[in-house]
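Please read the following briefing alongside the sequence and the model, which are shown here before the notes on individual features.

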Amino acid sequence: MTELLVGVGGAEHRFDAGGPAAIVGRDPLCQVVIDDPLVSRQHLALEWADGRWWVRDLGSSNGTFLNGRRVQRVPVEQSVALLLGNASTGVPIQLRPASVVSPTVVPGRPGGVPETVVPGRPDGAPATVPRPVLGMPPPAARTPNAPPASPAPAGPAPQVAVVPPSVVGRTPSGSYRAGEVVRIGRDAANDIVLTDLLVSRRHAELRRVDRGYEVVDLGTRNGTFVNGQRVSFSLLRPGDVVGAGHHQLVFDGTMLYEYVDTGRVSLRAESLTVTAGPHTLLAEVGFELPESSLLAVVGPSGAGKSTLLGALTGIRPATRGTVRYQERDLYAEYDDLRHRIGLVPQDDILHRQLTVRRALRYAAALRFGADVSARERDQRIDEVLAKLGLTERADQRISTLSGGQRKRTSVALELLTEPSLLFLDEPTSGLDPALDRDVMLALRDLADGGRTVCVVTHSVLHLNLCDRILVLGRGGRVCYFGPPDGLLAFFGAQEYAEVFERVATEPEAWADRFQQHATPRTPVEPTARIAPPPPAGDPDAPGAASSRQGFWRQLAIVARRTIAVTLADRLYASLLVGLPLGLALLAHLVPGDDGLAKPANALHRSAEAGQLLTILVIGGVFMGLAGGIRELVAERAIYRRERAVGLSPGAYLGAKLVVFAVLNAAQATVFVLVALWGAKRPAAALVLGSPTVELVAAVALVTLASTVLGLLISAYVSTTEQTMPVLVGLVMAQLVLSGGLFAVAGRAVVSQLSWLAPARWAYAAAAATVDLKKVMPDPPDDTLWDHDSGRWLIAAGVLVGQTIVLLIATRLALRRHEPGR
C-alpha cells in the first residue's frame, strides 16, 4: 500500500491509499487545515486513483501553482512542491508518496483516517491520533513524550452502537459528551456550534431525562430531525442520527459524533419506475453515480428525462423504486434532505425585472431563518456570485443578461443553501454553442468543486465534459450508462446524431443490449430505520414537511418582493397607474348634466346615472382581471421551486391579496374621483356616511374580487398568451350579468346565473347608494337596488364572500403545481 505524506506548516499528515479523498483548505472541517487568506475554504483534493496519488484543484479562487504555472490536476509520483494562492508568495505544501509494507492499524479506527507526525519525536515514528469512532469514547489528549497513562481497570466493554449506513467510512469532525443539557446551534455560546446558515442560532437541546436522553427542537425554521424525520422532541436511542442543516450528530448512548455534509455525496437510483395509468414513463431505471461527478441525461423527446429528474429530486417521487442519497432513502427522509438538493428547472426561477443581487436577497430571506442577519445573507450571496463569475453582474437587471448568465444566476440561487446534489433541466436550451460551452464548463467546475451534478440536455456538443452519460429511450428505458468515451462505440456510431436516431427507432433493442452488457447489481433492500416512526397520535411523531418559518415573515417577504417586481417593471407599473385614469376619462363621454343625482325636475328621469355606474363597475372588473390574470402563471416556475423548499402557499397567496387589496383600493379611489369630477353626487349615504365613499367601496370590492378571479384563472392556464381571450370573455360576461345593460332580476336562469358575477353585486350596491330606481326611466323591479342600508350591506357582504371563495379555489388550484403532483 502507498501512503501520501503531506507537509505543511511544520507538520506532516499521512493518508492511506484507497480511502476517501482528503480535502485541503481553510475550512476547519478539512482534513488538512491551512488558515491563510490565500487558501480557499476547500482548495485541494488529495485522491488515490489509477494506482497513484493525484492532487486536484477544487476551483479555488487564487489557484494552485507548480513551478510557477497554475495547475488543475497533478499526479504525485515523486516529491511535489506546490504553492497555494500565488505563484511566488503562496502557501507551500509538500507532497510525497511513501510505500509501506504493513501500516499500523489503530483498533476501532476507520480506514483512511490521517495520522499526524509530531516534529521532534525521538524515534521519528508518527504519533497516531485517531479520530473518534462511533461507539468508542475519544482518546484523551496527551502531550508528546509524556509517559503513558495508567491502564483503566477492567470492566464491561462499552456499548457500541450500530453505525448508520450514511456515515460508514466517514470520519467525524468532532465528538461531544452528552451532559445534563447540551445546547446545539449556530451561535458561539452553544455547547455544539454548527456553522451553517440553515441552522438556527439556538437550534436544539439534548436533555437528560429519566429514560435516557431526548432531543428538543427550539422552534427552528428548518427543523430538527431524528433518523430523517422531523421532530419537536424525541427520545434518543444508541445509533440514532440527529440532523440539523448539513450536520448529522450520531448518538451512541453517551457521546455525539458530528458528521458534516460538505458536498461530496454519492447518488444511487434503484429500479425507478413511473407509471401514469396504463402508460409507463420510466421503466426500472437504475444507476450509481460517485461523488463529485457530472452526469448528462440525454435521449429523444418523450423518453422520460424530465420525469427522471422529478424522481431523482423527490419533487415527483417514482411509483416504485428508491433513490439513495449517501445511502439514505431520499423519499423517506425528503424533508431533511430537501435543502441539500438544488433544482434549476428549464424556466428561470428568478424575476427578470430585478437585479441579480436583489433577486438573490429575496430568495435568501425565504430560505434562511429569521435569525440569519442581512449581513450574513449578503456574505453568502457574494460568495456564490464570486464562485459563478457573476460579481460584476450583481447590480444588473436579470432581463439584460445573456442566456448563459441568466442560467448561472438561477444556479446561484440554488447554491445559496450549499446543496450537495444539483439538478438542471435543459440549462442550455436556446443558447448558442459558445454559451452552451460556458454553462457546461461552469457545471464541470461545480462538480470538480465537490458537488454531484446531473443535467438533462438535448445538446451533445460538450458531452465530453461529463463523467457519465445516461441515455434514455422511449418508455423510459436505459439504453446506455457509462463514460462518454464509450458511448459511440457502444452504439457503433460515428457521431452523436446517429445515437439519437438509433435510440429513437429501436429503444427496446438497445435497452435489452445494454442490460446484457451491464454489470449486474446486487439488489438492495430498502433502508431499515434505526428507530421506527412513532404511531399516529404519538406526541413524538414527526412534524409535517412544510416549513416552520413564520407565516407573517414569509408573507412580508413575498409582499415586498411583489411590490419590488411591480415597480421595477416600468411599463406594467405605468399601466396600473394609467388604467384608472384612462377609464375615468371614458366616463366623461357620457352625455348629460345630472350625474348621479336625481334630476332637478321631479317629473324627469335620466339614464345618465345608470350608464355611469356601468362604467364604474365594469371598469373595476377590468382593472382587477388585468392585474391578476397573469400574476401566477408568470411566476409558476418560481412558486414550484420555492414551495419545494418550504414556502407556505397561504403566505404566498396572502401576500398577493394584501398587495392587490391596497393597489385596488388606490385604483378604485382614483377611478371614482376622476370619473365623477364635476358631476353631481347622490344626495345621501346609506352606511359609510358619504355616498362617494360608498361608491369607492363598491368599486374597490368588485376590483379585488375580480383580481382574485384573475388569480384563479392564472393558476389554471398554461401560458400568459392564454389569458387574453379569457380576460375578454370574463369582462363581457360581467357586463351582461351586471344588470346595467338590461334587467336580469326575475328572469329564469339569467337571474340565478347573475348571482355568481361580482359585477351584479357591485352594481346593486352602487344602485342602492344612488337610489337608482328613482333616477332612471322604467327601472326594473330589482329588490337589490332598494335604497336601503340592509341591501347595501348584503351586496357588499356577498362581494367579500365571493372573494374568500375565489381565494380558497385559487389555493386548491395551486396544489396542481406543488411537489409530488
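## Briefing on selected features

Leu 308 is buried, with a relative accessible area of 1%. This and every other value below comes from a predicted model, and the points are grouped by topic.

**Helix H1 and its surroundings**

- Leu 308 belongs to helix H1, a helix that covers residues 305–313 and has 7 of its 9 residues buried, so that H1 is largely enclosed by the rest of the structure.
- The buried residues of H1 are Lys 305, Leu 308, Leu 309, Gly 310, Ala 311, Leu 312 and Thr 313.
- Although their positions lie 148 residues apart along the chain, counted as a separation in sequence, Leu 308 and Val 456 have C-alpha atoms separated by 9.3 Å.
- Just after H1, the backbone of Gly 314 takes a positive phi, with a value of about 85°.

**Aromatic pairs and the cluster around Phe 491**

- A search of the whole structure finds 13 aromatic pairs; in one of them, Phe 490 and Phe 491 have ring centres 5.1 Å apart and planes at 85°, and because planes over 60 degrees apart count as edge-to-face, the pair is given that label.
- Both Phe 490 and Phe 491 are buried.
- Phe 491 also pairs with Trp 510, in an arrangement that is tilted, with 4.7 Å from centre to centre and 50° between the planes.
- Phe 491 lies in helix H7 (residues 487–491), whereas Trp 510 lies in helix H9 (residues 507–517), so the pair ties together parts that are 19 residues apart in sequence.
- Trp 510 is buried, as is its partner Phe 491.
- One aromatic cluster is formed by Tyr 480, Phe 490, Phe 491, Trp 510 and Phe 514.

**Charges over aromatic rings**

- Phe 490, a member of that aromatic cluster, has Arg 513 lying over its face, at 5.0 Å from the ring centre.
- In another part of the sequence, the charged end of Arg 73 sits over the ring of Trp 54, at 4.0 Å from the centre of that ring.

**Strand S8 and Arg 69**

- Arg 69 is found in strand S8, which covers residues 69–71.
- Is Arg 69 buried or exposed? Arg 69 is exposed, with a relative accessible area of 53%, whereas Leu 308 in the first group is buried.
- The C-alpha atoms of Arg 69 and Ala 87 are separated by 6.9 Å, while the two residues are 18 residues apart along the chain.

**Annotated transmembrane regions**

- An unreviewed UniProt entry lists residues 610–629, 650–675, 695–717, 724–745 and 792–814 under "transmembrane region".
- In the model, the span of residues 610–629 is 95% helix and 0% strand, and its end C-alpha atoms lie 28 Å apart.
- The span of residues 650–675 is 100% helix and 0% strand, with its end C-alpha atoms 36 Å apart.

**Packing of helices H16 and H20**

- Two packed helices are described by the angle between their axes together with the distance between the axes.
- How do helix H16 (residues 691–716) and helix H20 (residues 789–814) pack, and at what angle? They pack at an angle of about 20°, with their axes 9 Å apart.
- Because angles under 35 degrees count as roughly parallel, H16 and H20 are described as roughly parallel to each other.
- The crossing in which H16 passes H20 is left-handed.

Notes
Residues numbered from 1 in each chain as written. Predicted model: local features only at pLDDT ≥ 70, side-chain atom pairs only at ≥ 80, totals over all residues. Heavy atoms only, no water. UniProt positions renumbered as here; feature names shortened; annotations may be inferred. Helix = DSSP H or I, 4+ residues; strand = E, 2+ residues; numbered from the N terminus. Phe/Tyr/Trp six-rings, centres within 6.5 Å; stacked < 30°, edge-to-face > 60°. Buried < 20%, exposed > 50% of the residue type's maximum accessible area, 1.4 Å probe, protein only. Lys NZ or Arg CZ within 6 Å of the ring centre and 35° of its normal. Axes fitted to C-alpha atoms, helices over the stretch in contact; angles between N-to-C directions. Parallel < 35°, antiparallel > 145°, perpendicular 65-115°, else oblique. Left-handed = near helix turned anticlockwise from the far one by under 90°.
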